[in-house]
Amino acid sequence: MPYSTDEIKRIETKWQGIWHDKKIFKVDVDPKKKKYYVLEMFPYPSGKIHMGHVRNYTIADVIARFKMMQGYHVLHPIGYDAFGQPAENAAIKHKVDPAEWTYRCIDQMREELKKMGFSYDWDRELSTCDAQYYRWNQWIFLKMFEKGLAYKKASSVNWCPSCETTLANEEVIQGECWRCKSTVVQKDLEQWYLKITQYAEDLFEDLQQLNHWPPRVITMQENWIGKSQGVEIYFKIQKTGETLTVFTTRPDTIFGATYVVLAPEHPLVKKLVVGTSHEKNVLSFVDKVAKESKSDRLSGDLKKEGIFAGQYAINPVNQETIPIWIADYVLMEYGTGAIMAVPTHDQRDFLFAKEHQLPMRIVIQDAVNPQQRPSDLKEAYEGDGLQINSGIFNGISNQEGLKRIAAWMEGNKMGKIIVHWRLRDWLISRQRYWGTPIPMIYCQSCGIVPVSEQQLPVELPKNIKISGQGGSPLAQSAEFIETTCPRCQKPARRETDTMATFFDSSWYFLRFGSANNNEKVFDPKEAAYWMPVDQYIGGIEHAILHLLYSRFFTKFFKDLGLIGFSEPFYRLLTQGMVLKDGEVMSKSRGNTVDPDLVIEKYGADTLRLFILFAAPPEDQLEWNDNAIEGSWKFLSRVWNLIENKYKKEDHFVSKGMTNAAADQEDKSIERERNLAIKKVTEDISNGFKFNTAISAMMVLVNKIERYQVEGHFKQKTVNDAIKTLVLLLAPFTPHVCEELWRIMGGAEESVARVAWPSVDEKAMIQDVVSIVVQVNGKLRGKFDVAPDVDEEHLKKLITADPRIQAHLEGKAVKKLIVVPNKLVNIVV
């Protein structure tokens, strides 16, 4: 039967049904087998899958199927990161319940994933919006509360006065609410935090264990955690004598501090200006900065703005009085939210001082190009040199000054040597409906009381009106709020905040190992078998927060005694974006390609093959309609090989290639078969170079097509080559390979359960190589010789040949160039 769209539809439907009915990919713990856990970052259920999903999940599926054929016991699950703001927004827009909307999208996405033929264990499918999942979110929260890691404090949030709700940073657009365009303000709310900072040292140091993560992801994690060795220095506010603590990693420059800068969010700001002539302007400036994004404030491209607070601080090392400023380039997230400004030795301080005519003093002298006057500087000098204008430390190197000045300040109680972390505790409170309810109760007699574990899950109430206005929808539900205190049994009220969705995705990889366990968050024995994840796959956009929180949860579970490992993901692959016309595919740009339309025309296997062949996984992939056609044609050629060249010859006796019947063509195709096995195996195993693996299979197809089948021995040879081709291609294009394997007489339930082909190293040894001979760059002959033939013997053989002599007659040989086993070029 010819390779056609109708035939492919029939084959894909057939094999997807077989995989499902026979549960081909279902696995359970089996200590006798070596496990392999491959996992892609689970999707938000938006309904239709897009090409980014297709690429991510196809990469994972090839790895899973390859490992199955290598004999591993493979866990490859799927689920849905189903809570979050998008469903709530859809509920408002379409006037539908968020649960109804979400489950409808999950149903649609499940069908789309099945169309792609992914090898999921569907019995482990989970959705984070199911009460049986989020009850364990609540259990984890209670354990964290019990250990002092979950706590509540007041913090500043983006607040829309019109919608009466908090907004995420990305929902604030140019200082306005994305929904109603009202001006966003900062508002202090009591909210729940997780004390991730307690694990800062472990999170930082354990990055050294992650040798199979991309280096740039490690760097991004290091920068986010932000370990800084430095000194907290105790300045005094001149007017009140109150201590103002600043943090610096450059204590060698303390004698050059000419002003102090506070972050606009610093709690001292309002105290400094209250009741003064500066109050109005300073508070106006603080409100203005609150509308700026942190990335803009830190950007080196934008002008840094600030305002004098009207107060002064005293530098403890020299008793100098210096002004206190408030500026947008200082953030509360770094250090203490206050810095000493040394404009001669810090570029941001330098630009700010120039802008506001603030004084400067050089305290580190460049030995190569000494500058004696600040006015000579065109930019801050941030290199090494000798201490000057530094009191008793004059004349020593600043590297020595870093240590000695820090120790001197600590010894004289002017400061303290300390490690600071950029990492801040994790705010998990959300004033929204569609999320996990935080399991806490407020009692007038007992205070804040945790819900008892026996009462979990605290379920979301049904039929809640969601408008996007008026704060948390849960706060409008008396049925939800009104409860009794677990301790005193008096009337009490529930917490109406829900958890950030990052909470849901910070441990789902552990739940997959015990997806149907209703008694425990996960079974420690199952976790010990399956974990850590051997291969994790997802976008670089999740390189910081999701991975960081997952690592935090893993370390917490280890401290609870539930697991014995510290890191959740052994190997990490961050796949590149899918582009069209040079831009990332998106609905707003109108440049998307619907996977359904491609599958309808070409089938899922063609789409998979294109996705894998077009670019290495880490690189961006440019969509190409012609290349999709090329993938279809290649699969047609493979199909035709079985139709035209493969013959069932069960009575043939296998004959080794040492048999006298084997000629050079037989040996050549057997060599190409083994080279393909070696190349495909190594390319998948070492860096997932799927594109070059597919190229090796294309070379094998070319070789088989040219091979002339005459007689039993040659039929056996070509049959072996075709069988190998189908097995090598099976992880990439499973539907067509299942069908071809069955046509060729395969008895197994699935080609995924057939052993991966092994390499015969002897078959790759060449008896003869063809040497091309050129004279002045023009082809003049070919010679079959033994591999690695002696160079002098080769020269004599070639120059004695009449064909070559005819081109050398009467000419002097200037040079004879030999490329071993390939080429001889004679220059005359």
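## Trp19, tucked into H1

Trp19 has a relative accessibility of 6%, so this residue counts as buried, the bar being under 20%. The structure here is a predicted model, and Trp19 is a handy place to start reading it. The residue belongs to helix H1, which covers residues 5-21.

What does Trp19 touch, leaving aside residues up to four places away in sequence? The list holds Ile24, Phe25, Arg65, Gly117, Pro734, His735, Glu738 and Ser750. Ser119 makes another useful landmark: 100 residues along the chain from Trp19, with the two C-alpha atoms 8.3 Å apart.

## The whole chain

Stepping back, the protein has 26 helices and 34 strands. Its C-alpha atoms fit a box of roughly 105 × 80 × 50 Å along the principal axes. Of the 828 residues, 53% are buried. Take the contacts with a separation of 6 or more, and 72% of them link residues 24 or more positions apart.

On the outside, the accessible surface adds up to about 37500 Å², and carbon and sulfur atoms hold 50% of that. As for charge, there are 105 positive and 107 negative ones, and their mean positions sit 1 Å apart.

## Cysteines without partners

How many disulfides turn up? The count is zero. As a reminder, a disulfide is a covalent bond between the sulfur atoms of two cysteines. Cys105 shows how a candidate falls short: its closest cysteine sulfur, in Cys129, is 11 Å away, which is too far for a bond because the cut-off is within 2.5 Å.

Is Cys105 buried or exposed? With a relative accessible area of 7%, Cys105 is buried. Cys737 is buried too, at 0% relative accessibility.

## Two helices to look at

Helix H3 runs over residues 85-94, and its buried residues are Gln85, Ala87, Glu88, Ala90 and Ala91. In an α-helix there are 3.6 residues a turn, so residues three or four places apart point the same way. The buried residues of H3 pack against helix H4, residues 98-115. Just after H3 comes Lys95, with a positive phi of about 55°.

Further along, helix H21 (residues 664-685) carries Asn674. Asn674 is polar by name but buried by the numbers, with 0% relative accessibility. Which residues does Asn674 touch, not counting those up to four places away in sequence? They are Ser758, Val759, Asp760, Ala763 and Met764.

## Strand E12 and its two partners

Strand E12 covers residues 259-262, and all four side chains named for it are buried: Tyr259 and Val261 point one way, Val260 and Leu262 the other. That fits the general pattern, since in a regular strand the side chains alternate between the two faces of the sheet.

E12 pairs with strand E15 (residues 338-341) through four bridges, running antiparallel. In that pairing, Val260 faces Met340 of E15. With strand E14 (residues 321-327), E12 has three bridges and runs parallel. Here Val261 has Trp325 of E14 as its bridge partner.

## Two open sheets

The antiparallel sheet of four strands is open and has the order E6-E5-E9-E19. Its edges are E6 (165-167) and E19 (426-427), each of which pairs on one side only. Strand E5 (residues 150-160) is joined to E6 by three bridges in an antiparallel arrangement, and Trp159 has Thr166 in E6 as its bridge partner.

Another open sheet has three strands in the order E29-E28-E30, and its pairing is mixed. Why does one side of E29 and of E30 lack a neighbour in the sheet? E29 (583-584) and E30 (621-622) stand at the edges with a single partner strand each, so one side of each is left without a neighbour in the sheet. Strand E28 (residues 578-580) runs antiparallel to E29, with two bridges between them. Lys580 stands opposite Glu583 of E29.

Methods. Residues numbered from 1 in each chain as written. Predicted model: local features only at pLDDT ≥ 70, side-chain atom pairs only at ≥ 80, totals over all residues. Heavy atoms only, no water. Buried < 20%, exposed > 50% of the residue type's maximum accessible area, 1.4 Å probe, protein only. Contact = heavy atoms within 4.5 Å. Areas by Shrake-Rupley, 256 points an atom, 1.4 Å probe, with all protein chains shown as cover. Lys, Arg positive; Asp, Glu negative; His and termini not counted. Charge placed at Lys NZ, Arg CZ, Asp CG, Glu CD. Pairing = 2+ DSSP bridges.
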